[in-house]
Amino acid sequence: FKILCLLLARRGEVTGRDEILDRVWGKGFHVYPRSVDTHVSNLRRKLPLNGPKIENVHGQGYRLVMTS
């Protein structure tokens, strides 16, 4: 849920894995950066087909785009 809120707050902008890790889990908490991919994948499955989409931006991170 926190990842979705972060992407919604920055919709249209690219948010990197490291930034997601820092804002969601905090700097003092050790989480593998690739675990963000798993959480984003789970979020994608839960979003409605005609709703917002989470895009991969190769080598940079993720971006939430609103569809019409």
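This briefing covers helix H1, the nonpolar core and the residue Asp22. The structure is a predicted model. Helix H1 spans residues 2–9, and the largest share of the largest nonpolar core, four residues, comes from H1.

**Helix H1**

- The buried residues of H1 are Ile3, Leu4, Leu6 and Leu7.
- Seen down the helix axis, these buried residues fall within an arc of 160°, so they line one face of H1.
- An α-helix has 3.6 residues a turn, so residues three or four places apart point the same way.
- Lys2 and Ala9 lie on the other side of H1 and are exposed.
- The cover over the buried residues of H1 includes two helices, H2 (17–24) and H3 (35–46), along with strands E1 (53–57) and E2 (61–65).

**The largest nonpolar core**

- This core has 15 residues.
- Those with the most contacts inside the core are Ile3, Leu7, Ile20, Val36, Val40, Ile54 and Tyr62.
- At least two residues of the core are supplied by each of H1, H2, H3 and E2.
- The largest share, four residues, is that of H1.
- In soluble globular proteins, nonpolar side chains tend to be buried together.

**Asp22**

- Asp22 is part of helix H2.
- Asp22 has a relative accessible area of 35%; this value lies between 20% and 50%, so Asp22 counts as partly exposed.
- Along the chain, Asp22 and His58 are 36 residues apart, and their C-alpha atoms are separated by 20 Å.

Definitions and conventions
Residues numbered from 1 in each chain as written. Predicted model: local features only at pLDDT ≥ 70, side-chain atom pairs only at ≥ 80, totals over all residues. Heavy atoms only, no water. Buried < 20%, exposed > 50% of the residue type's maximum accessible area, 1.4 Å probe, protein only. Arc of directions from axis to C-beta. Contact = heavy atoms within 4.5 Å. Core = buried A, V, L, I, M, F, W, Y, C linked by side-chain atoms within 4.5 Å.
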